[in-house]
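Here are a few short exercises to work through with the model open beside you. Try each task on your own before you read the solution.

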Amino acid sequence: MPSLIHLDSATVTGELTPAGQRPGADSGDPQLATTTVDGGTEAQIGIWECQPGGWPVVDRPNTETCYIISGAATLTDDDTGKKTEIKAGDYLTLPPGWSGRWDVTETLRKAYTIF
């Protein structure tokens, strides 16, 4: 029987496992750190942190939902050119097929699910 998964605040805000530079980065040095959660499905779940830098996203293959815990970034939508500022407390969904750009301006930490 599946059981509840709980990450306490010390885990959510504490040290994460370094994961190297964000693939495809073309500005800054966006070093990543993560903690992943086994949710018992194929979904990817966890806490993700990225230092300032930027990268393009082309034709996203999946859906990501995330809650911004801390930091700030600007997301630019390729179709509309619209720039969206995200910060702590914001919720975001990036659908399959989305193309645009992430520019992290202040080390960003998010809780995410990708499916």
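## Exercise 1: The surroundings of Ala 111

Task: find which residues Ala 111 touches, leaving out those up to four places away in sequence.

Solution. Bear in mind that this is a predicted model.

Step 1. Ala 111 touches Gly 46, Ile 47, Thr 65, Cys 66, Tyr 67 and Ile 69, once residues up to four places away in sequence are set aside.

Step 2. Place Ala 111 in its element: strand β9, which covers residues 100-114.

Step 3. Is Ala 111 buried, exposed or partly exposed? Its relative accessible area is 28%. Buried means under 20% and exposed means over 50%, so Ala 111 is partly exposed.

Step 4. For a contrast, pick Asp 59, which is 52 residues from Ala 111 along the chain; the C-alpha atoms of the two are separated by 22 Å.

## Exercise 2: Salt bridges that start from β9

Task: work out which parts of the chain are tied together by the salt bridges Lys 110 to Glu 64 and Asp 26 to Arg 101.

Solution.

Step 1. Begin with Lys 110 and Glu 64, whose side chains meet at 2.6 Å, N to O. Lys 110 belongs to strand β9 and Glu 64 to strand β6 (residues 64-77), so this pair ties together parts that are 46 residues apart in sequence.

Step 2. Check the accessibility of both partners. Lys 110 has 4% relative accessibility and counts as buried; Glu 64 is buried too, with a relative accessible area of 5%.

Step 3. Move on to Asp 26 and Arg 101, whose side chains form a salt bridge at 2.7 Å, N to O. Asp 26 sits in the loop between β1 (17-21) and β2 (27-28), while Arg 101 is in strand β9, so the pair links parts that are 75 residues apart in sequence. Arg 101 is partly exposed, at 22% relative accessible area.

Step 4. Look for further partners: Asp 26, Arg 101 and Asp 103 are linked in a network of salt bridges.

Step 5. Put these in context. The structure holds 6 salt bridges, and another of them joins the side chains of Lys 87 and Asp 90 at 3.6 Å, N to O.

## Exercise 3: The largest pocket

Task: describe the lining of the largest pocket by element and by residue class.

Solution.

Step 1. Start with the volume of the largest pocket, about 370 Å³. Its lining has 20 residues, and those closest to the centre are Arg 22, Trp 48, Arg 60, Glu 64 and Ile 114.

Step 2. Sort the lining by element. At least two residues come from each of β3 (31-37), β4 (44-50), β5 (53-57) and β9. The largest share, 4 residues, is from β9.

Step 3. Sort the lining by class: 12 residues are nonpolar, 4 polar and 4 charged.

## Exercise 4: The whole chain

Task: decide how the radius of gyration of the protein fits with a compact globule of 115 residues.

Solution.

Step 1. List the elements: 1 helix and 9 strands, with the helix leading from the N terminus in the order α-β-β-β-β-β-β-β-β-β.

Step 2. Compare the values. A compact globule with 115 residues would have a radius of gyration near 13 Å, and the protein has 14 Å, which agrees.

Step 3. Add the dimensions: the C-alpha trace spans about 45 × 25 × 25 Å along its principal axes.

Step 4. Finish with the interior. Of the 115 residues, 38% count as buried. Among contacts between residues at least 6 apart in sequence, 63% join residues at least 24 apart.

Notes. Residues numbered from 1 in each chain as written. Predicted model: local features only at pLDDT ≥ 70, side-chain atom pairs only at ≥ 80, totals over all residues. Heavy atoms only, no water. Buried < 20%, exposed > 50% of the residue type's maximum accessible area, 1.4 Å probe, protein only. Contact = heavy atoms within 4.5 Å. 1 Å grid on protein atoms, 1.4 Å probe; cavity = no way out; pocket = protein on both sides within 12 Å on 5 of 7 lines; lining within 4 Å. Points joined across faces, edges and corners; volume = space filled by probe spheres on them. Nonpolar A, V, L, I, M, F, W, Y, C, P; charged D, E, K, R; others polar. Salt bridge = Lys/Arg side-chain N within 4 Å of Asp/Glu carboxyl O. Rg over C-alpha atoms; globule rule 2.2 N^0.38 Å.
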